[in-house]
Amino acid sequence: MASNSSLHFMRPAKRAVGGEAEGENQVGVESLIKKHRIDCSISTATEAAANTGGDGGTAAATMGGKANVSGGYGSGNVKATMRALGEGGSPDIDEDLHSRQLAVYGRETMRRLFASNVLISGMNGLGAEIAKNLVLAGVKSVTLHDEGNVELWDLSSNFIFSEDDVGKNRALACVQKLQELNNSLVISTSTTVLIKEQLSDFQAVVFTDVSLEKAIEFNDYCHSHQPPIAFIKSEVRGLFGSAFCDFGPEFTVFDVDGEDPHTGIVASISNDNTALVTCVDDERLEFQDGDLVVFSEVHGMTELNDGRPRRVKNARPYSFTIEEDTTNYAAYKKGGIVTQLKQPKVLNFKPLREALTDPGDFLLSDFSKFDRPPLLHLAFQALDKFISEFDRFPIAGSEEDAQKLISLASDINNSSADGKLEEIDQKLLRNFAFGAKAVLNPMAAMFGGIVGQEVVKACSGKFHPLFQFFYFDSVESLPSEIVDPSDLKPLNSRYDAQISVFGAKLQKKLEDAQVFIVGSGALGCEFLKNVALMGVCCGNKGKLTVTDDDVIEKSNLSRQFLFRNWNIGQAKSTVAASAASLINPHLHIEALQNRASPDTENVFDDTFWENLSIVINALDNVNARLYIDQRCLYIQKPLLESGTLGAKCNTQTVNPHLTENYGASRDPPEKQAPMCTVHSFPHNIDHCLTWARSEFEGLLEKTPAEVNAYLTSPGEYTSAMKNAGDAQARDNLERVIECLDKERCETFQDCITWARFKFEDYFADRVRQLTFTFPEDAVTSNGTPFWSAPKRFPRPLQFSTDDLTHLNFVMAASILRAETFGIPIPDWVKSPKKLADAVNKVTVPNFQPKKDVKIVTDEKATSLSTASVDDAVVINELVLKLEICQKKLPLGFQMNPIQFEKDDDTNYHMDLIAGLANMRARNYSIPEVDKLKAKFIAGRIIPAIATSTAMATGLVCLELYKVLDGGHKLEAYRNTFANLALPLFSMAEPVPPKVIKHQDMSWTVWDRWIVRDNPTLKELLQWLKRKGLGAYSISYGSCLLYNSMFPRHRERMDRKMVDLVREVAKAELPPYRWHFDVMVACEDDEDNDIDIPQISIYFR
């Protein structure tokens, strides 16, 4: 590196949490490919911390936990610093922090990421977004390069800059806030001219603001370097964006899609040349022709168990053939698992110099614009020539500059030997020229997600890279009316870049909007950042309301970038709102901690909803989304919906009377495993983990809670059980008695005994009983083997203190049992030898299987409890036993129910669940999983990464421009599904709402009929009659107010509808409610049923 370059390193200590300085998980690892070779100057504060092998934790604690940021420069060698920061050590993955990301990438990908050094050149809004996503992901180091200074213009898109940063170097101004996102990586800066030799210090380099000439020079160097350096060039120009990737001449993708290998359970295999493999019809096979698969656990035709890959042919939903002659193989008997073998893929990238003239296939995002990418390929080259010739960007609204750019594009097109366009869309290029200088926040967020993911791919080989050009535009986001060029002129405001694209009129609409953001988690943080930068709700009339009833947890910090580790335990909405106000102090925001639901309609009442301009969902569950959708439908407000799942995301625009609502179409419900499968016949680890979590909750939460319910009100509890008189009441009483009588623990040794007995019960005795009731050679009533696929025949486990997994199960179970009884936990329990000694003191009684034991095998059964005619008698006897048990308890005895918490690795919850599941898996010869994988499944963790979240919110905010502008037609809006792993982008117009017609009227789901002046039942029926509709049934909620078949209902004709609702339906209509809604079933004159809109009756 040139000797005059200035690199500034900064690694602030984590802030104090709960009064103590939190130690940093130091992540500095030997690069998988190459080491740093940068000689430069670094800050003396960092050098001192590095030389002591620390991270400034003591200093931070002394200074109240604040980051020690040195403004001066010392001298030092980066290689020495890197080693001091831990280079060469093995990477420690903080699973509490990165659990959601680990669920997407896995450990190996994360380790490769932690060893990667990345350069980002150009710290405009796009550069900041890419840097944020990579810092959150956790690479080894990020170097920020920019030679320019912050301008007011930059505040439209860069969330890091404030007005105080104007005039400072862009890269230096970014360091501190980016470092706060993740203290476990090195962030450095370079503020002078880059030379190509400096790129050898990185695994991936990203350029967001570089000339084509310089990009080609840098790319040539990266492409020919050994090993190759991944090169990415991306730009955002107004409502247009581009990305180009070159990962070298031969780049290996280890996992093209990130999906788990597909599997099937074998039902039969034929003895044929090209054998036919049939699988059980439990689930459809996902194999495709050409896939490689391996067989295991096949009985009979054991020749297939050799681990050799076989190629799939003629793939069908439940069968396929393999290219193998099995004629002379042994006959298939039973069993067998077939598993897809995922193959690495080698990609041959072309350098930018070649790809410009021979781009190959462009990645499409919108099939209605299939001809757009070649034109944008020209446009970006023409813009580069324009800047090169005039040393500036085209001026917004300048027809002269637009014509110059169009002329340059025509020249490039005419000189093109191959792929010459027959016609150039001048209107599109004019829009491109007008907004070329602007980096818009939604575009930066979207491309920041895409490019951030490409860097992860380059560093890890996980997911298929973008190959090689991607162009995107959202010209539909422009105002529906033509903007006067004078409206595009800068106003010396932080929104000037946005104004240069959309005009000052739309900017005013954005500022005066009333917006409701529901949720402030990963999506919510991104939305708050976006709207703050866009100036939404920043005017005198504007107001942004954000609500979230959740608090910040450590696992949130890897995606929810407005939070810091010192915010853990605080309300999400409050912290997020404060952080958004720091991004833009003009933001008018109110943070609430209410869950938007029927229970909070006194907070979010009709007046609140009616005053809104738009609602933006940032939710994580379908039920909440459906509720918000219904409110928007009812009040007729636009809704912007989005969601993510790992590398996938989707967005949906819901606009009154223009599109269908969110609830109009739903995904099919997830298939649930039958209860008997989970409890007695598991055949995959998911079944084992579902059972394990159910047992955990039953033993440690539900039963102790049931005990407390009894002890709090014994008479009331036993009366309720007697009144119920069913199998469930009997089971509850039996569990309570068992817990307070023979399984009651008074010492920690009792807890160990209980845990050891549980091991024997679960993994030995129950299996012996099951195989006694259904021996291995058992047959069904129709003569087929009972233990046919997918059932797996189990074997009991023999407990051994030499098996650490057995001991760990006992340790976790005994510790948690002790917690429920309030028994102190001795330190020696964590010593395997001392624990083994304690376990060896336990005498386990012999077990004899019983005859006539009923084991549920019906897949439709919903309960394992079997009803009995004697339930009432048994319950009376159990109540008497319980009263005896109670008398033996100490005064004031209560238990401590334990609620499952997956994100605390010190609480032994996941240790017990993983132990339960893996021991059960061992019974049934099912592959076991580690604790992390068990946490994903049992904890129902939704895989999540920052990149797909950022992209989704960027796409949504492009729709926000359209909705707040108003006047756009259906064809201007876009719904999107994207999968960054493939990568795949699929954009389409929203679906219009279904129209119902009757006589000369028509309506959709968006319509609501309003009847005012507090009508009687008779007046309501007459009002409908005038529309040619005969009402035969009127209901409020589930209560029937009127039915034409009931003579007594005719007596209600002169009653006010509001009185019927209060008296018949027992409805409470609070003072803030001015109306109520009824559902009316109608028919026309020909007795045809007509679906009419909901009717709102105003009574005040």
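Two strands count as paired when DSSP finds at least two bridges between them, and helices (H or I, at least four residues) and strands (E, at least two) are DSSP runs numbered from the N terminus. The exercises below concern a predicted model, in which local features need pLDDT of at least 70 and side-chain atom pairs count only at pLDDT 80 or more, while totals for chains, interfaces and linings use all residues. Residues are numbered from 1 along each chain as its sequence is written, and side-chain values use heavy atoms, with hydrogens and water left out.

**Exercise 1. The open sheet**

Work out in which order the strands of the open sheet lie, and which strands stand at its edges.

Solution. Begin with the order, which is E7-E6-E5-E8-E9-E10-E19, an open sheet of 7 strands with mixed pairing. Next look at the ends, where strand E7 (186-190) and E19 each have a single partner strand, so one side of each is left without a neighbour in the sheet. Then consider the twist: neighbouring strands are turned by 15 degrees against each other on average, direction ignored, with axes taken as lines fitted to C-alpha atoms, for helices over the stretch in contact, and angles running from 0 to 180 degrees between N-to-C directions. Within the sheet, strand E8 (residues 204-207) and strand E9 (residues 230-237) pair in the parallel sense over 4 bridges, and Val206 has Ile232 in E9 as its bridge partner. Finally add the helices, using contact in the sense of heavy atoms within 4.5 Å. Helix H8 (residues 212-224) packs on the sheet, touching E8, E9 and strand E10 (240-246), and its direction makes about 160 degrees with that of E9. Helix H7 (residues 170-181) lies across strand E6 (141-145) and E7, running at about 175 degrees to E7.

**Exercise 2. The cysteines**

Explain why Cys459 forms no disulfide with the closest cysteine.

Solution. Start from the chemistry: a disulfide is a covalent bond between the sulfur atoms of two cysteines. The criterion applied here is a pair of cysteine sulfur atoms within 2.5 Å, and the structure holds 0 disulfides. For Cys459, the closest cysteine sulfur belongs to Cys245 and is 12 Å away, which is too far for a bond. Cys649 is likewise in no disulfide, as the nearest cysteine sulfur, that of Cys957, is 13 Å away. As for exposure, buried means under 20% relative accessible area, exposed over 50%, and partly exposed in between (1.4 Å probe, protein chains only). By that scale Cys459 is buried at a relative accessible area of 10%, and Cys649 is buried at 2%.

**Exercise 3. Aromatic rings and charges**

Classify the ring pair of Tyr105 and Phe463, and locate its two members in the chain.

Solution. Rings of Phe, Tyr and Trp (its six-membered ring) pair if their centres lie within 6.5 Å, and planes under 30 degrees apart count as stacked, over 60 as edge-to-face and the rest as tilted. The structure holds 48 aromatic pairs. In the pair of Tyr105 and Phe463 the ring centres are 6.1 Å apart and the planes stand at 50 degrees, so the pair is tilted. The pair links distant parts of the chain, because Tyr105 is in helix H4 (residues 95-105) and Phe463 in the loop between helix H13 (441-460) and strand E19 (469-473), 358 residues apart. Both Tyr105 and Phe463 are buried. A charge, in turn, sits over a ring if NZ of Lys or CZ of Arg is within 6 Å of the ring centre and within 35 degrees of the ring normal. The charged end of Arg1012 sits over the ring of Tyr1098, 4.6 Å from its centre, and Lys1027 lies over the face of Trp1009, at 4.9 Å from the ring centre.

**Exercise 4. The partners of strand E33**

Find which strands pair with strand E33 (residues 1075-1083), and in which sense.

Solution. Take the partners one at a time. Strand E31 (residues 1030-1036) is joined to E33 by 5 bridges and runs antiparallel to it, with Ser1033 bridged to Ala1081 in E33. Strand E35 (residues 1094-1098) also pairs with E33 in the antiparallel sense, over 4 bridges, and there Phe1076 has Ile1097 as its bridge partner. Strand E34 (residues 1089-1090) is joined to E33 by 2 bridges, again antiparallel, and Cys1082 stands opposite Ile1090 in E34. The hairpin of E33 and E34 has 5 residues between the strands, and in it Asp1087 takes a positive phi near 65 degrees.
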